[in-house]
Each structure stands twice: as C-alpha cells, then as structure tokens.
Amino acid sequence: MGDRGPDNHSEVTDFILVGFRVCPELHILLFLIFLLVYVMILLGNVGMMTIIMTDPRLNTPMYFFLGNLSFIDLFYSSVIAPKAVINFWSESKSISLAGCVTQLFLFALFIVAEGFLLAAMAYDRFIAICNPLLYSVQMSACLCMQLVAGSYLCGCISSVLQTSMTFTLSFCGSRAIDHFYCDTRPLERISCSDLFISRIISFSLCSIIILPTIIVIIISYLYTVSTVLKIRSSEGRKKAFSTCSSHLGVVSVLYGAVFFMYLTPDRFPELSKVASLCYTLVTPMLNSLIYSLRNKDVKEALKKLLEKKNPIL
C-alpha cells in the first residue's frame with residue numbers, strides 16, 4: 001500500500017456535523033424543539049436529584065438508583081444537546097477532533113452505564129416484590145454502591161474500547177458526519193479503512209453489553225410478574241405493578257430506540273437520526289416525567305419541598 005500522506009486520519013483537525021437534512025425554514029422550529037426538550041431535561045432531572053437528596057423518606061435503594069439514573073440522563077444529554085442547538089444557528093457546524101472524541105467517549109460511557117443501571121433497578125424490584133422480608137438485607141447500601149460503581153466501570157471500559165477503536169480509523173475523504181453528534185456508525189461511513197475488524201469488535205461489545213442486561217431484566221420481571229399474580233388482593237397487585245410499570249416504560253423506550261437504530265441499514269441515515277433522537281433527548285426527558293408523575297412518594301416529596309420554599313402553599 002502506498003503512503004496516504006495528508007489523507008491519514010491524524011491530519012484531521014475537525015469534522016462537520018451535518019445534522020438533519022431539512023429545509024432552512026424548519027431550522028428555527030427544530031432549534032425551539034431541541035431547546036425546549038433540553039430545558040425540560042435539566043429541570044426534570046435536577047429536580048429529581050434534589051428531591052431524592054433532600055427528602056429522608058426517599059433514602060432507599062430504589063431512589064438511590066433513580067438518583068443515579070437522573071444524573072446519567074442529565075449528563076449524556078448535556079454532551080449532545082447544547083452542540084446540536086448551537087449548530088442550528090452556526091454556518092460551519094464544525095466540531096474539533098478533540099471535541100468529537102470527548103463527545104463520543106462521554107456519550108458511550110453514560111449510555112452503557114444506563115443499560116447496566118436499568119438491569120440493577122430490575123433486580124432491585126425483583127427483590128422488593130419477591131423477597132420483601134429480606135429486602136433490606138439483600139439490597140444493602142454496600143451492594144447498591146457496588147452495582148452503581150460497576151455500571152460506571154462497565155461504561156468506562158466499553159467507552160475506552162469503542163472510542164479508541166473508532167479514532168484509529170483513517171478519515172481520508174469527507175469530514176462531514178451525517179449526524180447531529182459524533183457517533184461510531186456515521187464516523188465509519190466517512191472512513192477509508194477496512195471496517196471488518198472494527199465492526200466485529202463493535203458487534204461483540206454490543207452483544208456483551210446488551211444481552212446480559214436484557215437477560216437480567218427479562219428474568220427479573222418474569223419472576224416479579226409471577227409473584228404479583230399470586231397476590232390475592234387487587235389493591236396489592238395494583239400497587240406492586242405500579243412500582244414496576246415506570247421502570248418497564250423507561251426500559252422499553254431506551255432499548256426500543258437502540259435496537260431500531262442499530263438495525264436500520266446504513267442507506268437510511270435519517271431514520272438512524274430519529275432513533276438516536278429518542279434515546280439522546282426524548283428518553284432523558286421522559287424518565288423524570290414517568291417517575292415523577294407515576295410515583296406517589298416523589299409527588300409527596302415534591303409537594304413538601306414546594307411548601308417548604310413557599311409557606312403560603
């Protein structure tokens with residue numbers, strides 16, 4: 001093979017984020033939608049973390065996990081949304097190489113950590129419903145810390161591998177990334193390297209990450225639903241199901257969007273962008289809404305917090 005000279009990826013200093021291919025008139029509408037959704041993400045997740053930290057009644061494993069879920073949602077949406085909002089008004093739509101590496105690394109870290117955290121939350125609900133008398137013993141503070149730390153560690157390891165693998169590719173053609181943030185598949189499309197090994201590693205990582213978490217969630221809920229159906233009182237069944245429905249809703253939205261994006265052929269990049277939009281912005285917004293609107297404890301804690309701030313209420 002000949003020397004690529006200036007075509008080597010090390011010569012790339014920045015990329016261009018193409019974003020959504022829509023007429024200019026729709027840019028203002030998309031800007032307002034992105035901005036509104038991001039503001040709701042900020043308010044919802046910061047509010048959720050504040051409520052959990054300030055109300056001692058929420059000092060339980062379930063809300064410890066929920067607080068970390070809000071932190072993850074807030075952080076990885078903040079990696080994506082501000083740059084996407086700015087690019088609706090920017091002429092260049094450029095992002096530096098360092099910025100692109102950072103964006104991919106942080107997003108991969110937190111999205112993988114969320115997957116493992118959702119599995120831990122499913123296990124928590126399984127113990128709470130199937131073994132309520134042993135719940136406080138089995139879901140100890142030490143175990144909860146280990147599960148959360150393990151989620152972040154798995155996210156970090158996966159992110160290091162994914163990011164280093166992506167940016168060892170050669171980018172010798174266009175610098176235009178057909179997406180609204182730096183992600184592996186759009187970067188692979190503009191690479192002139194052989195992608196066989198890269199895609200094998202990506203597939204292996206996805207399998208190692210997604211399969212165990214999905215299996216834990218499915219098995220946990222099979223046992224949980226089986227136990228709930230044995231509860232004689234309809235009120236007891238309703239209360240048990242209500243503690244699980246919020247988590248199931250979050251899992252369905254996140255994994256549904258991820259599967260849709262990765263199963264969409266490369267020749268339909270706009271569909272991939274829509275799926276990406278679901279789990280980068282819509283899911284972080286919905287998570288806080290789902291848990292706040294459907295959770296009696298959170299609503300009571302919010303009411304108490306508002307009354308403390310405004311005694312007139």
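**A tour of the cysteines**

Start by selecting C100 and C182 in this predicted model, where you will find that C100 is buried and that C182 is buried as well. These two residues form a disulfide, with their sulfur atoms 2.0 Å apart, and if you look along the S-S bond you will see a left-handed link, with -120 degrees about that bond. Now colour the elements around the pair: C100 sits in helix α3 (residues 97-130), while C182 sits in the loop between β3 (176-177) and α6 (184-189), so the link ties together parts that are 82 residues apart in sequence.

Next, select C172 and C192, whose sulfur atoms are 1.8 Å apart and which also form a disulfide. C172 belongs to the loop between α5 (141-166) and β3, and C192 to the loop between α6 and α7 (196-229), so this pair joins parts that are 20 residues apart in sequence. If you switch on the surface, C172 is partly exposed, with a relative accessible area of 24%, and C192 is partly exposed too, with a value of 28%.

With both pairs on screen, you have the 2 disulfides that a search of the whole structure finds. When the bonded cysteines of the chain are numbered in sequence order, the pairing reads 1-3, 2-4.

Finally, select C142, which is in no disulfide, the nearest cysteine sulfur being that of C144. Why does C144 have no bond to C142? The sulfur of C144 is 9.2 Å from that of C142, its closest cysteine sulfur, and this is too far for a bond. Before you leave C144, note that this residue counts as buried, at 3% relative accessibility.

Conventions
Residues are numbered from 1 along each chain as its sequence is written. This is a predicted model: local features need pLDDT of at least 70, side-chain atom pairs count only at pLDDT 80 or more; totals for chains, interfaces and linings use all residues. Side-chain values use heavy atoms; hydrogens and water are left out. A disulfide is a pair of cysteine sulfur atoms within 2.5 Å. Helices (H or I, at least four residues) and strands (E, at least two) are DSSP runs, numbered from the N terminus. Buried means under 20% relative accessible area, exposed over 50%, partly exposed in between (1.4 Å probe, protein chains only).
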